[in-house]
Amino acid sequence: MTKAELRKLYRQKRNELDDATLEKLQDLVLIRFQTLGLPLLNCISSYLPVYSRREVDTQPVISYLRFQYPGLTVAIPKTDIATATMQHYVYNDETALLETGWGIMEPVGGEPVDPAAIDLVLMPLLAFDQRGYRVGYGKGMYDRFLTDCRADTLRIGLSFFGAEPEITDTDDFDIPLDYCVTPYQVYEF
């Protein structure tokens, strides 16, 4: 299937999840995430979920990682739509957030984080395939951002659904995931 077809399909699939099912799937994603054998982490990047889009909630994963890695720096993105780029800023209890027109919570200023310092990126997605390619929201911002990260930075997707066989219209600039964590399986690419 194409990216556009998958975007439409998985938006619908998410919207069909009732609250009880969504909560159960969320718990299972966290349990599966905890089975990953992660290296020492000093700094991670994570998206903040848009609850109205029924995205996988990263807050429990962030809490788990902060517990496992005391002193962990967590960064979140702030987008520049005009240039289709992202800058990351430290995210903690003091971080001021502002909701964008798309419902995304972003930092208002703060301490910038160098992409080269990031050990792991939690990436938003609508769907992914068995090769590790993901379908995001169509702006390519994460692929651009990942080119500034180290080659060994882990790229991890979180999804309520399993892998599609293949995204038929991937581009040369698309960067695949290393892992995708779902309620019932961890995919490794």
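**Entry 1: the sheet**

I began with the sheet in this predicted model. Eight strands form an open sheet, and their pairing is mixed. I wrote down the order as S6-S3-S2-S1-S7-S10-S11-S12. Which strands stand at the edges? I found strand S6 (112-113) and strand S12 (186-188) there. Each has a single partner strand, so one side of each is left without a neighbour in the sheet. I added a reminder for myself: strands of a sheet pair through backbone hydrogen bonds, either parallel or antiparallel.

**Entry 2: strand S1 and its partners**

Next I looked at S1. In the order of the sheet, S1 sits between S2 and S7. S1 and S2 run parallel and share three bridges. Across this pair, Ser45 stands opposite Ala75 in S2. On the other partner, I counted three bridges from S1 to S7, again in the parallel sense. Here Ile44 has Leu120 of S7 as its bridge partner.

Are the faces of S1 covered or open? Both are covered. Cys43 and Ser45 are buried on one side, and Ile44 and Ser46 are buried on the other.

**Entry 3: Ser46**

I picked one residue of S1 to follow up, and Ser46 belongs to that strand. How accessible is Ser46? Its relative accessibility is 0%, so Ser46 counts as buried. What is Ser46 in contact with, leaving aside its neighbours within four places in sequence? I listed Thr58, Ile62, Ala75, Ile76, Pro77 and Leu122. One of these, Ile62, is a buried residue of helix H3, which took me to that helix.

**Entry 4: helix H3**

H3 covers residues 59-68. I noted Val61, Ile62, Tyr64 and Leu65 as buried. Where do they fall, seen down the axis of H3? They lie within an arc of 160 degrees, so they line one face of the helix. A general point helped me here: an α-helix has 3.6 residues a turn, so residues three or four places apart point the same way.

I then asked what covers these buried residues of H3. The cover includes helix H2 (19-33) and strand S1 (43-46). It also includes strand S2 (73-80), strand S7 (120-123) and strand S10 (154-158).

**Entry 5: the largest pocket**

I turned to empty space. Rolling a probe the size of a water molecule over the atoms shows where empty space is left. The largest pocket has a volume of about 720 Å³. How many residues line it? I found 34. Nearest the centre of this pocket lie Tyr137, Gly138, Lys139, Met141 and Tyr142.

Which element gives the most to this lining? Helix H4 does, with four residues. I also noted that helix H1 (3-15), S2, strand S5 (105-107) and H4 (141-146) each supply at least two. By class, the lining of the largest pocket has 17 nonpolar, five polar and 12 charged residues.

**Entry 6: the second largest pocket**

The second largest pocket holds about 180 Å³ of space. Where does the largest share of its lining come from? It comes from H2, with five residues. Among the lining residues I noted Leu22, Glu23, Tyr51, Arg54, Pro60 and Phe160. By class I have five nonpolar, one polar and five charged residues for this lining.

**Entry 7: the cavity**

How many cavities of 30 Å³ or more does the structure hold? It holds one. The largest cavity has a volume of about 40 Å³. I listed its lining as Arg14, Val56, Leu125, Leu126, Leu158, Ser159, Phe160 and Phe161. Phe160 also appears in the lining of the second largest pocket. By class, the cavity lining has six nonpolar, one polar and one charged residues.

**Entry 8: two positive phi angles**

Last, I checked the backbone. Most residues other than glycine have a negative phi, and most peptide bonds are trans. Arg54 is not a glycine, yet its phi is positive, about 60 degrees. Arg54 lies in the loop between S1 and H3. Is Arg54 buried or exposed? Arg54 is buried, with a relative accessible area of 15%.

Ala84 is not a glycine either, and its phi is positive at about 55 degrees. I placed Ala84 in the loop between S2 and strand S3 (85-90). Ala84 is buried too, with a relative accessible area of 15%.

Key. Residues are numbered from 1 along each chain as its sequence is written. This is a predicted model: local features need pLDDT of at least 70, side-chain atom pairs count only at pLDDT 80 or more; totals for chains, interfaces and linings use all residues. Side-chain values use heavy atoms; hydrogens and water are left out. Buried means under 20% relative accessible area, exposed over 50%, partly exposed in between (1.4 Å probe, protein chains only). The arc is that of the directions from the helix axis to the C-beta atoms. Contact means heavy atoms within 4.5 Å. Two strands pair if DSSP finds at least two bridges between them. On a 1 Å grid over the protein atoms alone, a cavity is a set of points where a 1.4 Å probe fits but cannot get out, and a pocket is an open set with protein on both sides within 12 Å along at least five of seven lines; lining residues have an atom within 4 Å of a point. Grid points are joined across faces, edges and corners, and a volume is the space filled by probe spheres set on the points. Ala, Val, Leu, Ile, Met, Phe, Trp, Tyr, Cys and Pro count as nonpolar, Asp, Glu, Lys and Arg as charged, and the others, Gly among them, as polar.
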